[in-house]
Amino acid sequence: MTAHQHCINPNCGKTFGIEEIHHACPNCGELLDVEYDWDRIQLPKNLRQFENYWVERSNPYRLSGVWRFHDLLPFLPMNRCVTIGEGQTFLQQAKRVAPFTGLNADRLFLQYEGLNPSGSFKDNGMSAAFSHGAFVGAKRAACASTGNTSASLAIYSACTNLMQSVIFIGSGKIAYGKLSQALDYGAKTIQIQGDFDDAMARVQQVSKELGIYLVNSVNPFRLEGQKTIMFRVLESLRWETPDWIVVPGGNLGNSSSFGKAFIELRKLGFIEKVPRLAIINAVGANTLYRLYEQEGLRWNGGNYDKVRVQKFFDQMTADGRKASTIASAIEINRPVNLSKCLRALDFCNGIVREVTEQEILDAKAQVGTGGFGCEPASAASVAGTRKLVAEGVIEKSERVVCILTGHQLKDPNATVAYHGTDKIFFEDVLGKRGVKTAEFANHPISVPNDLDAIIRLLQ
Ligand code: F0G
């Protein structure tokens, strides 16, 4: 075997075989990484060589934007990997959106992960976790979800019939686009009286008790697949590293996997420059922002202040504080990947910001006007970029890649509420969330069913 699982706690560092199933280190409870014996793996000479694989795209593993990079995540033989055509995504040079952020027109790039089969970036990680689950012989797979992980698990289950899917969602906290996918794909759907954090705690207990394979991002194999988002970004930039990667932060799996991707690329000598990482929370779900920016929590070589973190969560419980944001995908107060995310922030000289509901929706409308659109959580990255340019942290001339994590059609309610002319709807849905204006609204115009009136309107 050239891969194993490894506890990220430097004071523990226990290793486990690839065939074992763990959601955390059985010795100390920390998260596990997938690690490789790179010396025993034959790697391409440089990143450009990956372009040669693209020529072979009639082979589904070469078409896959995940398995095309199998050399950099070789925890299973290729023929044991599962693909449904994930990772055919696009990096747009977003000239029309750039002015909104304050960047020079050619400096903003939007990575559209909504173009994946289930409409979000989750398919990158799901192809990897699902492969591992099938490899270890699991018959059922489960996740807690704010909607996208569950849609992703459900589509892999439907397309491959390798594992049945069981999904745990909070009540009333899931956008209909996402829920409709899970239902349509036939996932066993369990709605918990509680929020995502409650569902996450329960699914971990239930999967342990019943031996169901867990595909949430505590699963280290999930994050291996998500590394490939960065590989594709680099590929689109002709293997040049951008100055910044900006990503919304929820459960912090994406940011953690991006950090791991750059740690490995650097270690293997594939890149010299490492981009800076900016993680954007919503104000109503800002655990990382508080801990990292306000309380100064740092990775500290793996010896981060666990007592401080525990105190923070205890206080949250005592206050009965629940996450709340229109960006329901990132409505998470207890991010399970916090420690790995601290490592990513450390390696990528990272920063964290929080953005308001108003800032998220304005940014979302701008992304829609200038490109393919995205769901609210994804727009946090663009809102965060705008904030960082205004602060002078990001310079106008720097090259910035925002990860648009989910498709525009995932959550149409938020979009229609913003653009609609129905004042009551706007005030009811958005007003309560502190959204006062829809500066970039594209109001539908109502007109009598009369040819002259319609022509007059359009002249
Ligand atoms: N953007 C979207 C569209 C998401 O669905 C999520 C997470 C995130 C951002 C945050 O990413 O967790 O890696 O920091 N959605 C999860 C779900 C929690 O259940 O679908 P993260």
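1. A polar contact, as the term is used in this note, is a pair of N or O atoms within 3.5 Å. The model discussed here is a predicted one, and the points below turn first to the ligand and then to a residue in a loop.

2. By that cut-off, the side chain of Asn-148 makes a polar contact with the ligand, because one of its N or O atoms is 2.8 Å from a ligand oxygen atom. Two backbones also take part: a backbone N or O atom of Gly-250 lies 2.8 Å from an oxygen atom of the ligand, and a polar backbone atom of Leu-252 is 2.7 Å from a ligand oxygen atom. Taken alone, the ligand exposes 480 Å², of which the protein buries 99%.

3. The ligand takes up the space of the largest cavity. Two elements each give two or more residues to the shell around the ligand, namely helix 5 (148–160) and helix 9 (253–267).

4. In total, 20 residues surround the ligand, and the closest of these are Ser-145, Thr-146, Asn-251, Leu-252 and Thr-405. Sorted by class, the shell consists of 12 polar, six nonpolar and two charged residues.

5. Turning to the loop, Asn-79 is placed between helix 2 (60–63) and strand 4 (90–93). Is Asn-79 buried or exposed? Its relative accessibility is 60%, and since exposed means over 50%, Asn-79 counts as exposed. Between Asn-79 and Ser-131 the separation is 52 residues in sequence, while their C-alpha atoms are 10.0 Å apart in space.

Note on methods
Residues numbered from 1 in each chain as written. Predicted model: local features only at pLDDT ≥ 70, side-chain atom pairs only at ≥ 80, totals over all residues. Heavy atoms only, no water. Near = heavy atom within 4 Å. Polar contact = N/O pair within 3.5 Å; in protein donor to acceptor, adjacent residues only side chain to side chain. Areas by Shrake-Rupley, 256 points an atom, 1.4 Å probe, with all protein chains shown as cover. 1 Å grid on protein atoms, 1.4 Å probe; cavity = no way out; pocket = protein on both sides within 12 Å on 5 of 7 lines; lining within 4 Å. Sits in = over half its atoms within 2 Å of the grid points. Helix = DSSP H or I, 4+ residues; strand = E, 2+ residues; numbered from the N terminus. Nonpolar A, V, L, I, M, F, W, Y, C, P; charged D, E, K, R; others polar. Buried < 20%, exposed > 50% of the residue type's maximum accessible area, 1.4 Å probe, protein only.
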